[in-house]
Amino acid sequence: MPELPLPIRGELLLPHAGRMCCIDQLIALEGQEATAEVTLNPNHVLLNSKGQLDRSGFIELAAQTAGAMQGAQIMCCQSEKPSLAMLAGIQGIKVYADASVGDCLEIHVTTLGELDGMSSLAFTVKRQDELLAEGRLKVFMPEASVD
Amino acid sequence: MNELEIKEKVNQTLADEFELSLDELTPEARFKEELGLDSLDAVDMVIALERQFGIKIGKDPEIVQIKTVGELYGFLAKKLSA
C-alpha cells in the first residue's frame, strides 16, 4: 500500500470543509493508530463564547481524527477522499481538564475493531503531556468497508 | 478446538459482553430480533470474539451475512480450522 506524505491537512482527508473541519492536520499514521493536531484559533468552531472548547468538542476532535485516519487509508488505494463519515456512538468518555483558545492539542486514536464500515476506536486528547480527555467512539464510514 | 468448545466460548463471550442469559443463546436465536443487538453492538461483538479466539474476522465479507448464533458458531469453526 502506498504511503501518504505526512503531515497532511485534515481537509484533504475528511468530507468536512472549511470551519467544519476541526483538526488541522494528521501528523502520524501507523497501522491502526493515528495522531492529529489542532491549534484552537479564536474562530475555531468548537470554542464557546468564553474561549473554551466545549467539552463535547473533544469527541468531535476524536471522531474527525478517526475519519482522517480512515480517509488516509482509503486514499492510499483510491484517488478521492471519502464522501461520508459519521460519529455513530460514544462510550466511557472522561474529561479531566478544559482546553482554551490558543492551546495546541494532540488527538490520538486506536482502532479496536471494524465491521462493515463501522469502526470502534479508543481515543485520547492531550495538551503537551497533559491528558485532557479519553474515551471510546464508533465511526461509520461506508467506504472503509472496502478493502 | 472442537465445536462444543467453540460454542461454549462464543456463548460466554456474548453473555459477558452484552449481559445476555446463556439460556437465550440458542443456535436459532437471531441477533437483531431475539437478542436485541444492533449494528453498533455488532462491532463490539467482533472485537470481543477477536480477542477471545485470537483471530481477525471483522474484514471477512461472510460475517456481515450472519444472522443467528448458530451461523456464528459455523463461521468461527470454519475460520479456526482454516
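Where in chain A is the place of A:D116? Let me start there. A:D116 sits in the loop between β5 and β6 of chain A. Its backbone is worth a look. A:D116 has a positive phi of about 55°, although this residue is not a glycine.

One word of caution before we go on. This is a predicted model. Everything I show is computed from that model.

Stay with chain A for a second backbone feature. A:L6 and A:P7 are joined by a cis peptide bond. Omega there is about 0°. And where is A:P7 placed? A:P7 is in the segment before β1 of chain A, and that strand covers 8-9.

Now the two chains together. How many residues does each chain bring to the contact? Chain A brings 13 residues, and chain B brings 13 residues. Between them, chain A and chain B bury about 1,100 Å². Of that area, 62% is on carbon and sulfur atoms. Three residues of chain A deserve names: A:E114, A:L115 and A:K138. They supply 44% of the area that chain A buries against chain B. No other three residues supply more.

Next, the charges at this interface. The rule finds three salt bridges across the interface of chain A and chain B. B:D44 forms a salt bridge with A:R136. Their closest N and O atoms are 3.6 Å apart. Polar contacts across the interface come to one residue pair, with both residues at pLDDT 80 or more.

Which elements of chain A give two or more residues to the side that touches chain B? They are β5 (104-115), β6 (118-127) and β7 (130-140). β5(A) gives the most, with four residues. By class, this side of chain A has five nonpolar, three polar and five charged residues.

Let's step back to salt bridges overall. The structure holds eleven over all chains. Take the one between the side chains of A:R127 and A:D103, at 2.8 Å from N to O. Why look at this pair? A:R127 lies in strand β6 of chain A, while A:D103 lies in the loop between β4 (86-95) and β5, so the pair ties together parts that are 24 residues apart in sequence.

Last topic: empty space. Rolling a probe the size of a water molecule over the atoms shows where such space is left. The largest pocket contains about 520 Å³ of space. How many residues line the largest pocket? The lining has 22 residues. Nearest the centre of the pocket lie B:D38, B:S39, B:A42, B:V64 and B:I66. Helix α2 of chain B, residues 39-53, gives the most to the lining, with six residues. Sorted by class, the lining has 15 nonpolar, one polar and six charged residues.

That is the tour. Thank you.

Conventions:
Residues are numbered from 1 along each chain as its sequence is written. Chains are lettered from A and ligands numbered from 1 in the order in which they are written. This is a predicted model: local features need pLDDT of at least 70, side-chain atom pairs count only at pLDDT 80 or more; totals for chains, interfaces and linings use all residues. Side-chain values use heavy atoms; hydrogens and water are left out. On a 1 Å grid over the protein atoms alone, a cavity is a set of points where a 1.4 Å probe fits but cannot get out, and a pocket is an open set with protein on both sides within 12 Å along at least five of seven lines; lining residues have an atom within 4 Å of a point. Grid points are joined across faces, edges and corners, and a volume is the space filled by probe spheres set on the points. Ala, Val, Leu, Ile, Met, Phe, Trp, Tyr, Cys and Pro count as nonpolar, Asp, Glu, Lys and Arg as charged, and the others, Gly among them, as polar. Contact means heavy atoms within 4.5 Å. Buried area is the accessible area (1.4 Å probe) that two parts lose on being put together, summed over both. A salt bridge is a side-chain nitrogen of Lys or Arg within 4 Å of a carboxyl oxygen of Asp or Glu. A polar contact is a pair of N or O atoms within 3.5 Å; within protein, one must be able to donate a hydrogen and the other to accept it, and residues adjacent in sequence count only if both atoms are side-chain atoms.
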